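Please walk through this structure with the sequence at hand, taking the loops before the helices, the cores and the bound ligand.

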Amino acid sequence: MRIAVTGSIATDHLMSFPGRFADQLVADQLHTVSLSFLVDTLDVRRGGVGPNICFGMGVLGLRPILVGAAGEDFADYRAWLDRHGVDTASVRISEVQHTARFVCTTDADHNQIASFYTGAMSEARQIELQPVAERVGGLDLVLISADDPEAMVRHTEECRSRGIAFAADPSQQLARMDGEDIRLLIGGAEYLFTNEYEAALIETKTGWTADQILAKVGTRVTTLGAQGVRIDREGEEPVVVGCPEEDQKADPTGVGDAFRAGFLSGLSWNLSLERAAQVGCMLATLVIETVGTQEYELRRGHFMERFAKAYGHDAAGEIAAHLP
Ligand SMILES: Nc1ncnc2c1ncn2[C@@H]1O[C@H](COP(=O)(O)OP(=O)(O)OP(=O)(O)O)[C@@H](O)[C@H]1O
Ligand SMILES: [Mg+2]
């Protein structure tokens with residue numbers, strides 16, 4: 001199964017300031033505020049939903065095709081993704097803009113001052129999927145994840161007009177899209193991925209009920225945080241899958257992306273929806289246990305053991321042949 005993942009490509013620059021922002025702000029001088037914080041630490045992390053999802057599929061032994069836009073500074077990041085099995089040949093490199101960047105300083109009270117530079121991501125709207133499909137010999141599924149909003153609409157329309165199966169994963173971008181655009185993104189999708197909050201947001205913004213949405217998408221996958229995930233299909237009983245026990249909670253960032261990576265891998269291995277969701281939850285647990293979204297390692301024996309503990313030996317037997 002050839003799967004392309006479209007989505008944001010970004011790096012996160014995270015700094016920590018040992019004092020309190022509030023102590024540096026002079027109330028009657030705010031109109032001329034000009035501050036520089038001497039920070040103790042800088043973490044530069046690979047991010048963006050597109051690479052996060054592709055990385056997870058890559059470590060599970062698939063060869064996902066990343067589709068998105070980055071800057072000239074993408075070379076190191078590309079090498080990292082290439083090493084982890086991701087096909088990066090369809091990433092568009094901007095001639096003028098840097099890769100999207102999230103820059104955030106956190107103070108001792110966990111208050112944050114942050115900026116998000118969109119940069120090259122805005123050029124994702126110029127990407128056409130047809131050449132990607134031709135290069136790889138056809139696409140079986142395109143996952144359309146959070147990205148430049150115009151790019152998301154364009155990719156969806158292209159999939160629909162060319163008859164390419166697509167999965168809608170609008171997540172963060174739901175906040176800034178209106179009902180009409182959201183209807184465009186999800187109508188006719190093979191899969192719709194959201195968390196519970198986003199599921200409600202879609203219903204409010206589109207005015208569609210849960211049943212109406214189910215009639216418009218093949219399969220609706222709703223992640224429930226620590227409760228796992230629920231999968232709904234029209235006329236069928238919902239499938240609910242719980243989470244494996246985690247060894248520690250280090251950092252929840254990227255759990256949603258890892259779930260998608262595992263779930264799509266399971267589908268491409270021809271597993272049932274339930275089994276695919278279990279693979280997704282297991283991968284999400286590895287992300288929770290590590291700081292960062294692409295810092296976990298997949299060790300086969302360890303993965304199999306934990307999977308069997310959470311979901312039983314028969315379930316583990318079904319994934320054994322596929323795990324690298
Ligand atoms: N506290 C938790 N304990 C165990 N597993 C979790 C926990 N939170 C999330 N997960 C796993 O991650 C999956 C996705 O989580 P969640 O529903 O929180 O996604 P999300 O809100 O989209 O997250 P993100 O912040 O990555 O966007 C869940 O289905 C589950 O497998
Ligand atoms: Mg999410």
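In this predicted model, His110 sits in the loop that runs between β6 and β7 (112-117). The backbone of His110 has a positive phi of about 70°, although this residue is not a glycine. With a relative accessible area of 67%, His110 is exposed, because the limit for that class is over 50%.

Strand β6, which precedes that loop, contains Thr105. In contrast to the exposed His110, Thr105 counts as buried, at 12% relative accessibility. When residues up to four places away in sequence are not counted, Thr105 touches Met15, Phe17, Phe21, Val39, Asn111, Gln112 and Ile113.

On the other side of β6 (100-106), the loop that links it to β5 (91-93) holds Ser94. At 1% relative accessibility this serine counts as buried, and its side chain is engaged with the backbone of the loop's own stretch of sequence: it reaches the backbone nitrogen of Val96 at 3.1 Å, while a polar atom of the Ser94 side chain lies 2.8 Å from the backbone nitrogen of Gln97. Beyond its neighbours within four places in sequence, Ser94 is in contact with Ala70, Gly71, Glu72, Ala120 and Glu123.

A second serine in a loop is Ser171, found between β9 (166-169) and α6 (179-186). Phi of Ser171 is near 25°, a positive value in a residue other than glycine. Where His110 is exposed, Ser171 counts as buried, because its relative accessibility of 11% falls under the 20% limit.

The helices come next. Which residues of helix α2 are buried? They are Val49, Gly50, Pro51, Asn52, Ile53, Cys54, Phe55, Gly56, Met57, Gly58 and Val59. This amounts to 11 of the 11 residues of α2 (residues 49-59), so the helix is largely enclosed by the rest of the structure. After α2 comes Gly61, with a positive phi near 95°.

Helix α11 (residues 300-311) can be checked against the length expected of it: at 1.5 Å a residue, its 12 residues should span 16 Å, and the end C-alpha atoms are 16 Å apart, which agrees. The buried residues of α11 are Phe303, Met304, Arg306, Phe307, Ala308 and Tyr311, and what covers them includes β13 (239-241), α10 (273-288) and α12 (313-320). α11 is followed by Gly312, whose phi is positive, near 100°.

One of the buried residues of α11, Phe303, leads into the nonpolar interior. In soluble globular proteins, nonpolar side chains tend to be buried together. Here the largest nonpolar core has 56 residues, and Phe263 and Phe303 touch the most other members. Helix α10 gives the most to this core, with 10 residues. Leaving aside neighbours within four places in sequence, Phe303 is in contact with Leu60, Met282, Leu283, Leu286, Leu298, Ile319 and Leu323. Apart from this core lies another, of 31 residues, among them Ala124, Ile127, Ala151 and Val153.

Helix α12, which is part of the cover over α11, is also the place of Glu318. Is Glu318 buried, exposed or partly exposed? With a relative accessible area of 37%, Glu318 is partly exposed, because this value lies between the 20% and 50% limits. Once neighbours within four places in sequence are set aside, Glu318 is in contact with Leu271 and Arg275, and its side chain is joined to that of Arg275 by a polar contact of 3.2 Å. Glu318 and Ala308 are 10 residues apart in sequence, and their C-alpha atoms are 10 Å apart in space.

The last stop is the ligand. Of the 15 residues around ligand 1, those that come nearest are Asn195, Thr223, Gly225, Gly228 and Gly256. Two of these approach the ligand through side chains: an N or O atom in the side chain of Asn195 is 2.8 Å from an oxygen atom of ligand 1, and an N or O atom in the side chain of Thr223 is 2.7 Å from an oxygen atom of ligand 1. For Gly256, a backbone N or O atom lies 2.8 Å from an oxygen atom of the ligand. On its own, ligand 1 has 630 Å² of accessible area, of which the protein covers 79%.

Note on methods:
Residues numbered from 1 in each chain as written. Chains lettered and ligands numbered in written order. Predicted model: local features only at pLDDT ≥ 70, side-chain atom pairs only at ≥ 80, totals over all residues. Heavy atoms only, no water. Helix = DSSP H or I, 4+ residues; strand = E, 2+ residues; numbered from the N terminus. Expected span 1.5 Å × (residues − 1). Buried < 20%, exposed > 50% of the residue type's maximum accessible area, 1.4 Å probe, protein only. Contact = heavy atoms within 4.5 Å. Near = heavy atom within 4 Å. Polar contact = N/O pair within 3.5 Å; in protein donor to acceptor, adjacent residues only side chain to side chain. Areas by Shrake-Rupley, 256 points an atom, 1.4 Å probe, with all protein chains shown as cover. Core = buried A, V, L, I, M, F, W, Y, C linked by side-chain atoms within 4.5 Å.
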